[in-house]
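Colleague: I am new to this one and would like to learn how to read it. Could you walk me through it, feature by feature?

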Amino acid sequence: MLMNLRQIFPFSTSFLTHWSTEARWLHWITFLWLFVGLIVMFSASYPIAYAEQGDGLYYFKRQLIWTAVGLVGFSFIVQSSLRFWLKIAQWGVLIVLGLLFLTLVPGLGTTINGATRWISIGPIPIQPSELMKPFLVLQSARFFGNWYRLNWQIRLIWLGIFGIVLLSILTQPNLSTTALCGMTLWLVALAAGLPFSYLGGTALGGILLAILSVTIKEYQRRRILSFLNPWSDPMGDGYQLVQSLLAVGSGGFWGTGLGLSHQKLYYLPIQYSDFIFSVYAEEFGFIGGILLLLLLTIYATLALRVAMKAQQIEHQLVAVGVMVVMVGQSLLNIGVATGVLPTTGLPLPLFSYGGSSMIASLALAGLLIRVAREENQAQVISLADHRSTPNPRRGIGRSPIR
């Protein structure tokens with residue numbers, strides 16, 4: 001069935017009239033977030049694109065292509081039943097897990113800056129760890145939402161699969177994405193009401209795994225040391241953070257103005273991806289930073305409202321998972337750029353350059369809007385299902401989010 005193009009772009013509001021209030025707000029905020037992100041990406045990438053490619057619009061045009069692809073997926077998700085996406089989530093996890101394994105095969109994986117996180121299909125690079133995020137949110141919501149109905153064999157199988165997913169991302173190496181995915185699984189499980197004994201043991205295991213990774217990987221230790229005192233080696237390990245702090249500090253209260261960042265002129269590394277917030281802060285200043293944080297706060301608040309109004313536990317957990325990834329990843333990226341956290345490779349959703357990140361972010365945003373659209377639909381429970389429910393303890397505080 002062909003899709004109405006007016007449902008992809010926000011310029012026509014006629015099809016929004018029957019949506020819930022939260023769904024409409026999330027729709028507009030998503031496109032505002034995307035619009036600002038594209039403007040900042042254009043500004044941040046123009047000088048380096050002109051120097052490297054001879055075309056200042058090189059990265060921006062590619063980003064527009066990926067945005068168009070992502071918007072098609074976004075619209076399809078918003079118009080499709082969430083039950084369909086929950087049903088195919090397990091297969092999505094397994095397929096993307098296969099792609100993660102392919103990045104480890106010599107000759108198939110593409111290494112950039114010492115990390116093998118991509119596979120190339122012709123001229124198109126794909127980052128499976130980014131594409132895993134929406135499927136991980138869906139499958140974790142389905143799995144933990146039905147935790148008390150599953151036998152231990154099924155529980156152990158999926159816990160093992162989740163563990164393999166995290167380890168495959170960690171070996172790329174990609175500690176930051178591993179930590180984000182791990183925190184997402186943990187928080188979804190917490191929202192589902194799993195026993196604190198399980199959650200505490202899992203959290204301890206994750207912390208020990210992170211410590212082990214830092215112990216083994218020298219570059220991760222150096223990042224932490226440079227984070228603690230970047231000025232001790234401003235031209236070496238501390239270079240990225242020093243240049244980022246200079247960009248953020250140079251913005252002042254009102255910013256230098258759109259397109260007038262000085263640090264993006266070959267000083268700030270990866271200025272159109274990992275450190276794009278630094279360019280944004282320099283050009284839009286303290287006020288711009290506050291407005292972006294306000295947008296994230298509104299988005300998180302709406303996501304929690306959607307979760308509390310949803311009638312089904314799986315829908316509640318999808319909303320929680322999307323909020324954790326979209327808002328949590330944004331805060332981690334901002335924390336890195338401002339020196340609050342050690343340097344990582346997490347992109348800023350809907351801002352940073354990257355096709356896989358753009359598609360995954362728009363897919364997550366679409367899932368949240370879909371949950372909001374279905375929030376007023378009552379859950380139909382058969383008498384047989386009601387009698388077979390072994391334990392009603394689901395949701396935050398052992399009951400679904402309300």
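Modeller: Gladly, and let us begin with a single residue. Ser244 is found in helix α9. Keep in mind as we go that this is a predicted model.

Colleague: Is Ser244 buried or exposed?

Modeller: The general idea is to look at relative accessible area, where buried means under 20%. Ser244 has a relative accessibility of 0%, so it counts as buried.

Colleague: Which residues is Ser244 in contact with, leaving aside its neighbours within four places in sequence?

Modeller: Those are Leu268, Phe275, Ser278 and Ala337.

Colleague: Let me step back to the whole chain. How many helices and strands does the protein chain have?

Modeller: There are 13 helices and three strands in the protein chain. Of its 402 residues, 50% are buried. You can also ask how far along the sequence contacts reach: among those between residues at least 6 apart, 71% join residues at least 24 apart.

Colleague: Now for packing. At what angle do helix α4 and helix α11 pack?

Modeller: For two helices, read the angle, the distance between axes and the handedness together. Helix α4 (residues 128-145) and helix α11 (residues 313-337) pack at about 145°, and their axes are 8 Å apart. The crossing of α4 past α11 is right-handed. On the α4 side the contact includes Val137, Leu138, Ala141 and Phe144, and on the α11 side it includes Leu317, Val318, Val322 and Val325. By type, the residues of this contact divide into nine nonpolar, three polar and four charged.

Colleague: What should I look for in the backbone of the loops?

Modeller: One thing to check is the sign of phi in residues other than glycine. Ile270 is not a glycine, yet it has a positive phi of about 50°. Ile270 lies in the loop between α9 (239-250) and α10 (276-309). Leu350 is another case, with a positive phi near 65°, and its place is in the loop between α11 and α12 (355-373).

Colleague: Which of the two, Ile270 or Leu350, is buried, and which is partly exposed?

Modeller: Leu350 is buried, as its relative accessible area is 2%. Ile270 has 27%, so it is partly exposed.

Colleague: And how do I read aromatic rings?

Modeller: Look at the distance between ring centres and the angle between planes; planes over 60 degrees apart count as edge-to-face. The count here comes to 24 aromatic pairs. In one of them, Trp147 and Trp152 are edge-to-face, with 5.8 Å from centre to centre and 80° between the planes. Trp147 is buried, with a relative accessible area of 3%, whereas Trp152 is partly exposed at 42%.

Colleague: Why is the pair of Tyr280 and Phe351 edge-to-face?

Modeller: Because the planes of Tyr280 and Phe351 stand at 85°, the pair is edge-to-face, and the ring centres are 5.9 Å apart. This pair links distant parts of the chain: Tyr280 is in helix α10 and Phe351 is in the loop between α11 and α12, 71 residues apart. Both Tyr280 and Phe351 are buried.

Colleague: Which residues do ring pairs link into a cluster?

Modeller: The cluster consists of Phe143, Phe144, Trp147, Trp152, Trp158, Phe162 and Tyr198. Trp152 has a charged partner too: the charged end of Arg155 sits over its ring, 4.7 Å from the centre. Phe144 may look familiar, since it was also listed in the contact of α4 with α11.

Key. Residues numbered from 1 in each chain as written. Predicted model: local features only at pLDDT ≥ 70, side-chain atom pairs only at ≥ 80, totals over all residues. Heavy atoms only, no water. Axes fitted to C-alpha atoms, helices over the stretch in contact; angles between N-to-C directions. Helix = DSSP H or I, 4+ residues; strand = E, 2+ residues; numbered from the N terminus. Left-handed = near helix turned anticlockwise from the far one by under 90°. Contact = heavy atoms within 4.5 Å. Nonpolar A, V, L, I, M, F, W, Y, C, P; charged D, E, K, R; others polar. Buried < 20%, exposed > 50% of the residue type's maximum accessible area, 1.4 Å probe, protein only. Phe/Tyr/Trp six-rings, centres within 6.5 Å; stacked < 30°, edge-to-face > 60°. Lys NZ or Arg CZ within 6 Å of the ring centre and 35° of its normal.
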